[in-house]
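Open your viewer and get comfortable for a short walk through this protein. Have the selection tool ready, as each stop begins with something to pick.

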Amino acid sequence: MTGTQRRGRGAMMSPAELDAFLTGQRTCRAATTGRDGRPHVSALWFAWDGRALWLYSLTRSRRWADLRHDPRLAVVVDDGLAYGELRGAELSGAVVFVGEVPRTGEPCPELAAPERLFAAKYFGAGGMPHDGRHAWLRLVPESVVSWDFRKLALPPGARAERPRPEG
């Protein structure tokens, strides 16, 4: 990664914390830019291999079309409800398209590890189901910004607990 986090260092995750967080989370929000300059954000499942974020995207999606035109991508993964439990990471860089498009399961050594991770995480299976509609994107982040508000003292008036329903 080339980017360095300049703000919020007190809440920044360590490399080990960031790795555990990204490994454990299931959904990210991926932001692309269309030909007309408009942003597009969509939710997507992902796998983290400790170095790259692997996204299994529909090839007939706006996200795919946007990335074919401009491969720059920003992804946010976050968690927490109350202020004192908010944590997350923003990863950005340029994606690389990996393997066949769409993916039908032809041998591709570069996809062996991400497909194993993805299949175990989302399908509880040892092998990846291929539907001929998705293909792989790899994001090796050029910049990562992370936060874990559990590390901070809460500001006056902030609630450390989740709000309880009234009634």
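The tour goes from the whole chain to a helix, then to two serines, a group of rings and the cysteines.

**Stop 1: the whole chain**

Keep in mind from the start that this is a predicted model. Show the chain as a cartoon and colour it by secondary structure: you should find three helices and seven strands. Starting at the N terminus, the elements follow the order α-β-β-β-α-β-β-α-β-β.

Now switch on a surface. The chain exposes about 9,700 Å², with 52% of that area supplied by carbon and sulfur atoms. Of the 167 residues, 37% count as buried. Among contacts with a separation of 6 or more, 70% are between residues 24 or more positions apart.

**Stop 2: helix 2**

Select residues 62–69, which make up helix 2. Which of its residues are buried? Colour Arg63, Trp64, Asp66 and Leu67 and you have them. Turn the view until you look down the axis of helix 2: these buried residues fall within an arc of 165°, so they line one face of the helix.

Next, bring up what lies over them. The cover for the buried residues of helix 2 includes strand 1 (27–33), strand 2 (39–48) and strand 3 (53–58). Strand 4 (72–79), strand 5 (87–98) and strand 6 (134–139) are also part of that cover.

**Stop 3: serine 42**

Stay with Arg63 and add serine 42, which sits in strand 2. The side chains of serine 42 and arginine 63 are joined by a polar contact of 2.5 Å. Serine 42 has a relative accessible area of 14%, and because buried means under 20%, this serine counts as buried. Leaving aside residues up to four places away in sequence, serine 42 touches Cys28, Arg29, Ala30 and Arg63.

**Stop 4: serine 146**

Move on to strand 7 (residues 143–148) and pick out serine 146. Is serine 146 buried or exposed? At 4% relative accessibility, serine 146 counts as buried. Show the backbone of methionine 13 as well: its nitrogen lies 2.9 Å from a polar atom of the serine 146 side chain.

**Stop 5: the aromatic rings**

Display the aromatic side chains as sticks. The whole structure contains ten aromatic pairs. For one of them, zoom in on tyrosine 56 and tryptophan 136: the ring centres are 4.6 Å apart and the planes meet at 40°, so the pair is tilted. Tyrosine 56 belongs to strand 3 and tryptophan 136 to strand 6, so this pair ties together parts that are 80 residues apart in sequence. Both rings belong to buried residues, with a relative accessible area of 8% for tyrosine 56 and 0% for tryptophan 136.

Then widen the selection to Trp45, Trp54, Tyr56, Phe118, Tyr122, Phe123 and Trp136, which ring pairs link into a cluster.

**Stop 6: the cysteines**

Finish with cysteine 28, which you met as a neighbour of serine 42. Cysteine 28 is buried, at a relative accessible area of 0%. Cysteine 108, in turn, is partly exposed, with 22% relative accessibility. How many disulfides does the structure hold? The number is zero.

Methods. Residues numbered from 1 in each chain as written. Heavy atoms only, no water. Buried < 20%, exposed > 50% of the residue type's maximum accessible area, 1.4 Å probe, protein only. Helix = DSSP H or I, 4+ residues; strand = E, 2+ residues; numbered from the N terminus. Arc of directions from axis to C-beta. Contact = heavy atoms within 4.5 Å. Disulfide = S-S within 2.5 Å. Polar contact = N/O pair within 3.5 Å; in protein donor to acceptor, adjacent residues only side chain to side chain. Areas by Shrake-Rupley, 256 points an atom, 1.4 Å probe, with all protein chains shown as cover. Phe/Tyr/Trp six-rings, centres within 6.5 Å; stacked < 30°, edge-to-face > 60°.
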